[in-house]
Amino acid sequence: MSFEPKIVAFCCHYCAFAAADLAGVMRLQYPPNVKIIKLPCTGRIDVIHLMRTFEDGADGIYVAGCLEGNCHYMEGNLRAKRRVRYTQQLLDQIGLGGARLEMYNMSSAEGPKFAQVAREFTERIRSLGPSPLKRGREEAEAAGERLEAVGTA
Amino acid sequence: MIVAEQKPLDELRQMLAPYDRLLILGCGTCVTVCFAGGEKEVAVLASALRMAEAIDGRGKAIAELTIHRQCEPEFVAELREKVGDAEAVLSLGCGVGVQAVAEALPGVRVLPGLNTKFMGQTVEPGQWKELCAACGNCVLDLTGGICPIARCSKSLLNGPCGGSEDGRCEIAPDVQCAWQLIYDRLTQLGLVHLMEEIIPAKDWSTARDGGPRRVVREDLAKLSQ
């Protein structure tokens, strides 16, 4: 059975999610691997959300917001861009790989772009393979390294 | 406030290598404001470490906790019950916090997660600059509220030196000449004549140069009586 990536797309209400909606209305095909999470603005995204999503088993994540200069909340998408960049560096340092995270910009009219991004990113993650976290956790279990949580009151 | 920066991840991983069960301890005051060791930074670091270790096929158990201030004995005292069975505590407090926690938890390995840098102010969220060197004898009245000890590269008391050009210090193009700033500020205040009074050579014994310092308020402190 070939690897089916688990992908989470954080989409802003005003542009990316609207584009996703439009892609649906236009009956455009894109891989079912992409699970969409709607945010009021990509500026809502924080580094910890991206980290925990990878920790919980995502193979790839992308953040999709309005075109730069057109964020409904002025600069939310610029904040998201900085945070995505920071997280990419952190992911490179820990060995997960910053390539598994990306930021995209689109307008609410770009239904085809939404579908194209979904397709391209899914293929990128498919060629990268499953998150190294899965294999690592299996190895740790096999080595009997499963530890109970540190008890704190 | 105290400004600090997180140590590089590689350095932290090396420091933490001998321990399988960790508590990462944040601080809710200065290091939260400079985004180095607050609750969010604790969460991100814990997640990064968990994933980094898992990718290497090791399982570290990592707990997270943030207290209001690590430099406050009252808050640190609560830690004794909260450490649980952690083998080491990675403190994301400033140098003061790390030491206070280490003292409160004898027998527990307490490690520093940050490099404490300076006392300074927020320029903008994400940027901080050094403003005070804790010299112990403040001369801000003579310099219009701009510190020559902390902000002049040479800590001159009667600057500027010959290296001041276009309001910039010769050591780096992005360092402002403190004495240019002082001159401008005193002029604005109508006090530029203060620059004609020579400030005598500084007695550094009130600074760290005089040894570890202590402040006692005899009207308040019980132990000193």
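Q: In what order do the elements of chain A run from the N terminus on?
A: In this predicted model, chain A runs β-α-β-α-β-α-β-α-α from its N terminus. That pattern holds 5 helices and 4 strands.

Q: How much room do the C-alpha atoms of chain A fill, taken along the principal axes?
A: They fill a box of roughly 50 × 40 × 25 Å. Chain A has 153 residues, and 42% of them count as buried. To be called buried here, a residue needs 20 or more other C-beta atoms within 10 Å of its own.

Q: What makes the sheet of chain A a parallel, open one, and in what order do its strands lie?
A: The 4 strands lie in the order E2-E1-E3-E4, and their pairing is parallel. Strand E2 (34-39) and strand E4 (101-105) of chain A are the edges, and each has a single partner strand, so one side of each is left without a neighbour in the sheet. From one strand to the next, the twist averages 20°.

Q: How do you know that strands E1 and E3 of chain A pair?
A: Pairing asks for at least two bridges between two strands. Strand E1 (residues 7-12) and strand E3 (residues 60-65) of chain A are joined by 5 bridges and run parallel, so they pass that test. As an example to look up, A:Cys11 has A:Ala64 in E3(A) as its bridge partner.

Q: Why are H1(A) and H4(A) called roughly perpendicular?
A: Helix H1 (residues 16-25) and helix H4 (residues 111-128) of chain A pack at an angle of about 95°, with their axes 7 Å apart. Angles of 65 to 115 degrees count as roughly perpendicular, and therefore these two helices earn the name.

Q: Which residues make the contact between H1(A) and H4(A)?
A: H1(A) brings A:Ala16, A:Ala19, A:Ala20, A:Leu22 and A:Ala23, while H4(A) brings A:Gly111, A:Lys113, A:Phe114 and A:Ala115. They divide into 7 nonpolar, 1 polar and 1 charged. Gly counts as polar in this scheme, so A:Gly111 goes under that heading.

Q: Where does helix H3 of chain A lie, and at what angle to E4(A) does it run?
A: Helix H3 (residues 76-94) lies across E3 and E4 of chain A, running at about 160° to E4(A). Angles over 145 degrees count as roughly antiparallel, so H3(A) and E4(A) are roughly antiparallel.

Now for chain B.

Q: How is chain B divided, and how far apart do the domain centres lie?
A: Chain B is divided into domain 1 (2-118) and domain 2 (134-203). Their C-alpha centres lie 38 Å apart.

Q: What is the strand order in the open sheet of chain B?
A: The order is E3-E2-E4-E5, again 4 strands, with parallel pairing. E3 and strand E5 (109-112) of chain B are the edge strands, each pairing on one side only. The twist averages 25° from one strand to the next. Within this sheet, E2(B) pairs with strand E4 (residues 88-91) over 4 bridges, and B:Ile24 has B:Leu90 as its bridge partner.

Q: How many residues does each chain give to the contact between A and B?
A: Chain B gives 28 residues and chain A gives 27 residues. On the chain B side, H3(B) gives the most, with 10 residues. That side divides into 15 nonpolar, 4 polar and 9 charged residues.

Definitions and conventions. Residues are numbered from 1 along each chain as its sequence is written. Chains are lettered from A and ligands numbered from 1 in the order in which they are written. This is a predicted model: local features need pLDDT of at least 70, side-chain atom pairs count only at pLDDT 80 or more; totals for chains, interfaces and linings use all residues. Two residues are in contact if their C-beta atoms, placed from the backbone, lie within 7 Å. Axes are lines fitted to C-alpha atoms, for helices over the stretch in contact, and angles run from 0 to 180 degrees between N-to-C directions. Angles under 35 degrees count as roughly parallel, over 145 as roughly antiparallel, 65 to 115 as roughly perpendicular and the rest as oblique. Domain bounds come from an automatic or database domain assignment. A residue is buried if 20 or more other C-beta atoms lie within 10 Å of its own, exposed if 12 or fewer, and partly exposed in between; C-beta atoms are placed from the backbone.
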